[in-house]
Amino acid sequence: MIKRTVTVRNRAGLHTRPSSLLVKAASRFKADFFIEKDGFEINGKSIIGVMTLAAEPGATLYLMFEGEDATEAANEICAMFEDGFGEEAMMTKVVTPKPLAST
Amino acid sequence: MPPLKTHTPMEEPDTSKQTEQILQGIGISPGFAIAPAYLFSRTKPSLQRKQLSHEEIPTEQIRLDEALERAKYELKKVASVAEEKIGSESAHIFEAQVQILEDPVFTNAANAFILNEACNAEYAVQMTLERHIGQMEASGNAYLRERAQEFQDVKDRVLRSLQQKRLISKIQQHRVVVAQNLTAADLVLFSKRQVLGCVMDIGGTTSHASIMARALGVPALISAGWQAERVVEEGDWVIVDGFSGILVINPSPETMQEYRLKQAQYSKLLEQQSELKHLPAETLDGHRVHLRANLEFSAELPQLMEYRAEGVGLVRTEMMYLAQGRALTEEEQLALYKEVLEATSPFVATFRLIDLGGDKVLPLGKHEPNPFLGWRGVRILLDRQSLLRSQIRAILRASVYGPTRLMIPMVTNIGEVRAIKRMIARTKIELAAEGKTFDSKMQVGIMVEVPSVALMADLFAEEVDFFSIGTNDLTQYVLAVDRGNDLVANRFDEMHPAVLQLIAHTIQAAHRKGIFVGMCGEFAANPLATPLLLGMGLDAFSVSPVFIPQIKRIIRNLTYQEAKEIAERVLIQQDARSVRKVVSEWFGQNQDILASLMKI
């Protein structure tokens, strides 16, 4: 089993978009993936689990991967946390309408 | 422009029995709708527990599976419509909802519940998802608490799907939809059923739903405190006045007739306005002003042409950031600005630097007791130089695609303007060194939305190329009224003579220094204000595109001289009430159809 500790860096916490991205990425691997927060453990391939973790910005999460591609899974998922799910240094935590153009 | 809805519904109300009720709300999309109400609710599918016999269990599980498939299909469809109408960012929510429907944590639990409790699928879905909703609502984090709404939406969708009640199939044509909350996608779906009007409890003039309502030409209003869903009953005849924000429930025959007349007049007005399209915004004696658009979403770009906007007076660039939840790269910004400029050119597009703070965002980890007096606008930009720098680079680089202006938000002192100008100058040198092209003479202006700047407008006018007066904030700061605070909202009044005097002072100062002044607040879109703003010498009105025709119509119906006289008279009044009186006199005297439409 591979164990990693990560911090939620994106400023809105694990809200809908990052949760969705996380689950989508995790589901591509065969390895089982669990997340523990404050003694509460959930299946990282379940969006319901991830969202109900209610992981706020700055929260510490323990990730556990087990299975043949556990290393790859761990690397990819930790990188997503590291990158703040593409939501780097912004002060915003409001999600409002669509931008001016489709990007 | 969507086709005008001129038909009359088949039925007529029985106006003899009920008592008429008139409620004041906030109009968010102009026009009148007269029709029976349809109460639209996402939260009330019936969910009684039914006890099943053992043999019924497998059938019930199949029912659940089918309902889940149907819900998924619906969500995918909504996602694609939403994406088409407002863009891919909005599709994320629906994608996550599809994931919830596919999540074994939910599907297995719901199936097990049916089996163990021998109960109906509705009850199982309710019990299973409600547990997660409860967990999320218990979170200490407000934003995550709000995400419980997505679970709620999924739950309601599955329950509806189980009862085979699709949202749309229940709505008859030609109804006024009354709801607590509507999404843009709801409006898109409703438009297929030719819904005539909308009343909602939640939202603002810049919400998705409002913009969509205006784009679709559906009159709409938001209740102000009273909850529409509670006061209106299904089937009640209602009148939606999207101008004044008035909702009439069970109108008397007299009211009905009055509004039918207004409706007819408005149709006529719209016809006349479409004839005005190709004519300039010019007074009877030849004084010309510019009518420009305020922009927030790409969905609004086609409206520029539709309403013949002469450029964009305000691009709210922060919306792009807020929507993405992250800083955009320089290249991403460039692409966005280029799209705007390509739609606007040969007219000018004014990009306001991202204006965060106030009611738009909570700077993380810092709870500000007075956000409107806090870290916002240019203050944030100067503290976040990398954000500022990448935006200036993107705007400069975009400036080769059409006439571009850059505008600085929430300025309070001259040092801020000079600091931004220095940054622009440095950026130009940088870009030139990299061999990148830009408009070296790009105009730079400021928002005048704080009393200190309005009072010292002479000084600021020497430093910049143009002013844009932001009346929402200016009014709030001049009158010391928090516009988001219900307790004092009725004291927020742009017609207060102090506000008007500051506006006049700003315009005069600008003109003395030979610079251009526009206005991009909501006041610019208020038809009552048109004669006096014109008379004060305002050069450009920047408004949501749908308001352009009516402002043009007023401008083309008076002389500049007349407008100046109105402005002079207004500026010596003692309070907002007497200001309104002066203005309404002009509308009254002129027997303009607008006078009958406007609630003064």
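In the predicted model, B:Cys198 has a relative accessibility of 1% and therefore counts as buried, the cut-off being under 20%. B:Cys520 is likewise assigned to the buried class, with a relative accessibility of 4%. A disulfide is a covalent bond between the sulfur atoms of two cysteines. When the whole structure is searched, zero disulfides are found over all chains.

The overall make-up of chain B was examined next. Of the 600 residues in this chain, 58% are buried, and its secondary structure comprises 26 helices and 15 strands. Among contacts in chain B with a separation of 6 or more, 70% are accounted for by residues that lie 24 or more positions apart. The accessible surface of the chain amounts to about 24,800 Å², and carbon and sulfur atoms contribute 51% of that area.

Helix H6 of chain B, covering residues 148–162, is mostly covered, since 13 of its 15 residues are buried. The expected span of this helix, at 1.5 Å a residue, is 21 Å, and the C-alpha atoms at its ends are 21 Å apart, so the expected and computed values agree. A contrasting setting is provided by B:Leu459, which belongs to helix H19 (residues 457–463) of chain B and has a relative accessible area of 31%, so that this leucine is classed as partly exposed. Together with B:Leu455 and B:Met456, B:Leu459 forms a nonpolar patch on the surface, the three residues having about 280 Å² of accessible area together. The value of 31% for B:Leu459 satisfies the requirement of over 30% relative accessible area for a residue to be part of such a patch.

Several features of the backbone were also considered. Most residues other than glycine have a negative phi, and most peptide bonds are trans. Against this background, the peptide bond from B:Ser345 to B:Pro346 is cis, with omega near 15°, and B:Pro346 is located in the loop that joins helix H14 (330–344) to strand E10 (349–352) of chain B. A positive phi of about 50° is found at A:Ala54, although this residue is not a glycine; A:Ala54 lies in the loop between helix H2 (47–52) and strand E4 (60–66) of chain A and, at a relative accessible area of 7%, is buried. In chain B, B:Met410 also has a positive phi, near 55°, and is placed in the loop between strand E11 (404–408) and helix H17 (414–433). The relative accessible area of B:Met410 is 2%, and this residue is therefore buried.

Notes
Residues numbered from 1 in each chain as written. Chains lettered and ligands numbered in written order. Predicted model: local features only at pLDDT ≥ 70, side-chain atom pairs only at ≥ 80, totals over all residues. Heavy atoms only, no water. Patch = residues over 30% accessible without salt bridge, like charges linked within 9 Å, V, L, I, M, F, W, Y side chains within 5 Å. Areas by Shrake-Rupley, 256 points an atom, 1.4 Å probe, with all protein chains shown as cover. Salt bridge = Lys/Arg side-chain N within 4 Å of Asp/Glu carboxyl O. Helix = DSSP H or I, 4+ residues; strand = E, 2+ residues; numbered from the N terminus. Buried < 20%, exposed > 50% of the residue type's maximum accessible area, 1.4 Å probe, protein only. Disulfide = S-S within 2.5 Å. Expected span 1.5 Å × (residues − 1). Contact = heavy atoms within 4.5 Å.
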